[in-house]
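Trainee: I would like a close look at a single part of this protein. Please take me through the strands and what surrounds them.

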Amino acid sequence: MTGALVAIVGPSGAGKDTLIAHARAALSARAEFHFARRLVTRAANAFEDHDTIDTAAFDAAAASGAYALSWRAHGLGYALGGDVSDAIRAGRVVICNLSRGALPEARSRFQRMSVVEITAPPEVLAARLAARGRETPQSIAKRLQRERAFAGRLRADCVIVNDRPVAETGAALVAHLEGVAKEAALSA
């Protein structure tokens with residue numbers, strides 16, 4: 001039996017973690033869904049849901065093949081633990097926040113995969129990034145410029161523009177996840 005990986009991607013400030021949290025709450029009673037926690041070489045903060053790991057431990061685990069997937073972005077290390085592969089082998093739908101740059105590697109590793117792009121208008125992204133208080137106006141401008149470079153290059157199965165109430169955009173994500181689960185079950 002094989003489940004599926006659902007990669008939630010999009011620019012910083014799009015609200016990926018917010019929508020993932022909404023879907024996790026909505027689907028908490030359903031065993032076919034597994035919400036993966038990323039390991040990140042950054043201290044915990046209020047804006048990103050992840051487990052923290054130091055760089056030396058991250059590098060050692062990556063070198064030993066302990067991760068289902070690992071990548072580098074923005075000077076940090078990111079990884080999905082072995083629980084991801086285990087859950088997919090068990091037929092579950094695994095939902096994770098993934099970097100767009102890691103998509104080619106993820107597509108080569110996971111047989112069944114869906115990509116959900118979460119985005120928002122540039123002015124919304126800029127306001128959300130500024131509210132975090134961890135970047136300068138120059139670095140925010142750089143992120144927004146990077147976002148323009150990604151526009152139209154991503155092969156997403158579902159695109160959610162996160163500029164409405166979370167109940168609406170979160171419902172769109174939940175509906176997509178339920179469709180992936182149904183498809184995985186039919187092809188099992």
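Which residue stands opposite I95 in β7?

Mentor: F35 stands opposite I95 in β7. One caution before the rest: this is a predicted model.

Start with β7 itself. The strand covers residues 93-97, and 5 of its 5 residues are buried. Look at the directions of its side chains. V93, I95 and N97 point one way. V94 and C96 point the other way. In a regular strand the side chains alternate between the two faces of the sheet. Both sets in β7 are buried. Neither side of this strand is left with an exposed residue, since buried here means under 20% relative accessible area.

Now the partners of β7. The F35 pairing belongs to strand β2, residues 33-35, which is joined to β7 by 3 bridges. The two strands run parallel. Strand β1, residues 4-9, is also parallel to β7, with 5 bridges between them. In that pairing, A4 stands opposite V93. So β7 pairs with both β1 and β2, because at least two bridges are enough for strands to pair.

Follow β1 onward. It is joined to β8 by 5 bridges, again in parallel. There, A7 stands opposite V115. Strand β1 therefore pairs with β7 and with β8, as at least two bridges make a pair.

Strand β8 spans residues 113-119. Since 7 of its 7 residues are buried, it is largely enclosed by the rest of the structure. Its side chains also split two ways. M113, V115, E117 and T119 point one way, and S114, V116 and I118 point the other. All of them are buried, E117 included. Next comes β9, residues 158-161, which β8 meets through 4 bridges. That pair is parallel too. I118 stands opposite I160 in β9. Read by pairing, the order is β2 to β7, β7 to β1, β1 to β8 and β8 to β9.

Turn to the helices for contrast. E178 is found in helix α7, residues 166-186. Its relative accessibility is 32%, so it counts as partly exposed. Beyond its neighbours within four places in sequence, E178 is in contact with L27, R30 and F33. F33 lies in β2, the strand of residues 33-35. That contact links the helix residue to a strand already described. R132 is another matter: 46 residues along the chain from E178, with 32 Å between the C-alpha atoms.

Helix α2, residues 55-64, holds A56. A56 is exposed, because its relative accessible area is 57% and the cut-off is over 50%. T41 is 15 residues from A56 in sequence and 9.3 Å away in space, C-alpha to C-alpha.

Finally, place these parts in the whole. The secondary structure comes to 7 helices and 9 strands. Of the 188 residues, 48% are buried. Among contacts with a separation of 6 or more, 70% are between residues 24 or more positions apart. The radius of gyration is 16 Å, which agrees with the value near 16 Å for a compact globule of 188 residues. Along the principal axes, the C-alpha atoms fill a box of roughly 50 × 40 × 30 Å. The accessible surface is about 9,200 Å², and carbon and sulfur atoms hold 54% of it. There are 24 positive and 19 negative side chains, with the centres of the two sets 3 Å apart.

Key:
Residues are numbered from 1 along each chain as its sequence is written. This is a predicted model: local features need pLDDT of at least 70, side-chain atom pairs count only at pLDDT 80 or more; totals for chains, interfaces and linings use all residues. Side-chain values use heavy atoms; hydrogens and water are left out. The radius of gyration is taken over C-alpha atoms; the globule rule is 2.2 Å times the number of residues to the power 0.38. Buried means under 20% relative accessible area, exposed over 50%, partly exposed in between (1.4 Å probe, protein chains only). Contact means heavy atoms within 4.5 Å. Accessible areas come from the Shrake-Rupley method with a 1.4 Å probe; for residues, only the protein chains shown count as cover. Lys and Arg count as positive and Asp and Glu as negative; His and the chain ends are not counted. The place of a charge is taken as NZ of Lys, CZ of Arg, CG of Asp or CD of Glu.
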